[in-house]
There are 2 protein chains.
Amino acid sequence: MTIQDVAKQAKLSSATISRVLNNDSCVSAKTRERVERTIKELGYVPNLLGRNLRREKTNVFYVLLPSIENPFYSAIVQGIEEEARETDYSVMLCETYNDDKRFIKYAAAVRNKLADGIILVSPMRNAIRHFRDIPLVICGESDASYDCIQVDIDNKLAAIDAVNHLLGLGKKNIALISGSYASGSLREAGYKAALESAGLELKEELICKDCYHFEHGYNAAMKLMRSGVKVDGIFATVDLTALGAIRALGALNIKIPEEVAVIGFDDLMYSRMNNPSLSTIKQPCGGMGHESFRLLYERINGDSGKNNLVLQHKVIARESTIGSGYNVEEGL
Amino acid sequence: MTIQDVAKQAKLSSATISRVLNNDSCVSAKTRERVERTIKELGYVPNLLGRNLRREKTNVFYVLLPSIENPFYSAIVQGIEEEARETDYSVMLCETYNDDKRFIKYAAAVRNKLADGIILVSPMRNAIRHFRDIPLVICGESDASYDCIQVDIDNKLAAIDAVNHLLGLGKKNIALISGSYASGSLREAGYKAALESAGLELKEELICKDCYHFEHGYNAAMKLMRSGVKVDGIFATVDLTALGAIRALGALNIKIPEEVAVIGFDDLMYSRMNNPSLSTIKQPCGGMGHESFRLLYERINGDSGKNNLVLQHKVIARESTIGSGYNVEEGL
DNA sequence: ATAACGATTGTAATCGATTTCAATATCATA
DNA sequence: TATGATATTGAAATCGATTACAATCGTTAT
């Protein structure tokens, strides 16, 4: 069932069918109707390979993310999809597992004309080099040194806000549980800046690095609390490690937030479900998705100079810092 | 940069270049080498639109899932991707949000030759009809009435095992928190069967229906406990609602598992992180992914009769049923 | 030397759509 | 009626690869 079959059946040329399909140039109302009827009769659907080959365009974007396991990405993707729905573009999700082979493969797919561009969500630093020659937007984990369109929040400022929230509760011995990716470093910088502004001394023994997963946060908090150093607050640069830390504090029968207050970063779906619910920094994930799509779309369809965006974050105070002051049921 | 350019540069015909690209028929070692050198020199990559158009095959499978927000799917997808890596197939993830328009769109994409087949993960019952004429495997949420390849566990048996686990702990008043999708009904059937086998009376007031999210579980448990009915165990047909129930019990200062034991279904990543950690039924997600891919692959590349698979589930006992008998650190 | 054969390479058709350019139909005007 | 302008349609080239078939080359057997 091809456009030729439709043409034959309607006693027209394939050119005319194509014009109808594309609302193109001038086709008389009569023939247009005849064509549409025939198409419906035959149940014809255009072969997009043929079309895309001819048009040199697929109207598909790839969204590359490390893994769908991390629910933090879900809201970003949803934002992207919402925006895509307003256009004639489709979005395909691709897991990279931060594997170079995957990056190369998907970059090649764009060069091979299977997609028009890529939105790279939270990429590792070394991933960027594979995409230099490809329409690209980076969403999260941005870096001033990248020469491409980027959408992110101000991670340093957000970290300052998080630490200030703990300081505002009267905490003075605030530990950091951090990872060493691009925005991790910025958040660490924010932690240090906030302590300095408050006139507090920076203690190396309060800083735990290389923490990415629940277990890392658990172990880091265990070590901190058993080390004998005084700790009354913890800022974890991702919620996952904050949740691990809370679990460890619970195991040690330490009262949250009275003895130790905990704040995370990301606002995972599970952070409000946790017991105690986790205070955190909320990124405008939906907005980041929207803007990422929009910028890539504009980059490809004409009007766009390079355009980096910085969106606004928000402090979410829950039980892990303000205790019973937070109403669980209301939060649900 | 097309195959013609390579041909011109190497002073050969495009046919020969194509043969080299496809390890096809007989090309002399000398020319093969010359071609490969030229390809590398020019940095040529074949246009897959042209190739796929000619071959009438894309070597792409779509994996349709309701939303990546639910981390339960992540392990299935990972299994699919692992298996795909062993072949020359690519996998594209597509969110459906259980929206008919999405189903239609992706089914059309296969008819349009943008992909060769679809793995439908946990589809709603009404989704199937859009795919009747398309190479399809259903992964999870299977149903005897579907006429297509399916991979799943024995949901009824798994539910029986879950309830038996509670019964084994001496619980006698077991409530059900359930949703009404295909496997939800099977799990409900298992719940009833287990009670019957144990000679226990089925009490309608212990059954809460239409629960899918955390909030639903929370509200259901609240209602149960405040209703005055005696409850000493809860079986929730998905972990998300089990976690909600646990949160509610906590808010009511009810001791878990001494007063009420809770078991869920799915083994989300967060279930072991929860406080108390959640006992649950673990599905062999990776295996389901593997098998789904393999069956679709075989369906498309020849040797396959229809082939439905039932894989083995497992009971995971954690704090929410066996209390401190479960070692947290070990579980991490 | 030549026919026959296999190995290698080239020519041209093909996949299914779009689009340029040319051809025809339609209509108004002189 | 003839002319020109405009609206509508068709023929054929094109996108970039694959592949059936034909053509060429080198080698061996007669």
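In which helix of chain B is Gly168(B) found? Gly168(B) belongs to helix 7 of chain B, which covers residues 155-168. Please bear in mind throughout that this is a predicted model.

Let me stay with Gly168(B) for a moment. Is Gly168(B) buried or exposed? The residue counts as exposed, because it has 12 C-beta neighbours inside 10 Å, and a residue with 12 or fewer is classed in that way. As for its position relative to Ile17(B), the two residues are 151 apart along the chain, and a distance of 69 Å separates their C-alpha atoms.

I turn now to the domains. For chain A, the assignment gives domain 1 as 3-46, domain 2 as 57-153 + 284-311, and domain 3 as 155-283 + 316-331. Between the C-alpha centres of domain 1 and domain 3 of chain A the separation is 63 Å.

Next, the DNA. Around strand C there are 27 residues, of which Thr2(A), Ile3(A), Ser18(A), Asn47(A) and Gly50(A) come nearest. Helix 2 (14-21) and helix 4 (48-55) of chain A, together with helix 2 (14-21) and helix 4 (48-55) of chain B, are the elements giving two or more residues to this surface. By class, the surface near strand C has 10 nonpolar, 12 polar and 5 charged residues.

For DNA strand D, 27 residues again lie around the strand, and here the nearest are Thr2(B), Ile3(B), Ser18(B), Asn47(B) and Gly50(B). Two or more residues each come from helix 2 and helix 4 of chain A and from helix 2 and helix 4 of chain B. The division near strand D is 10 nonpolar, 12 polar and 5 charged.

Let us consider the contact between the two protein chains. Chain A supplies 38 residues and chain B supplies 38 residues. On the side of chain A that touches chain B, the elements giving two or more residues include helix 5 (72-85), strand 2 (90-95) and helix 6 (100-111). Helix 4 of chain A gives the most to that side, with 5 residues. The residues on that side of chain A comprise 23 nonpolar, 8 polar and 7 charged.

Finally, the interior. In soluble globular proteins, nonpolar side chains tend to be buried together. In this model, the largest nonpolar core holds 186 residues, and those touching the most other members are Val63(A), Ala245(A), Val63(B) and Ala245(B). Beyond its neighbours within four places in sequence, Val63(A) has contacts that include Val77(A), Ile80(A), Leu93(A), Cys94(A) and Val121(A).

How values were computed:
Residues numbered from 1 in each chain as written. Chains lettered and ligands numbered in written order. Predicted model: local features only at pLDDT ≥ 70, side-chain atom pairs only at ≥ 80, totals over all residues. Near = placed C-beta within 6 Å. Helix = DSSP H or I, 4+ residues; strand = E, 2+ residues; numbered from the N terminus. Nonpolar A, V, L, I, M, F, W, Y, C, P; charged D, E, K, R; others polar. Buried ≥ 20, exposed ≤ 12 C-beta atoms within 10 Å, placed from the backbone. Domains from an automatic or database assignment. Core = buried A, V, L, I, M, F, W, Y, C linked by C-beta atoms within 7 Å. Contact = placed C-beta atoms within 7 Å.
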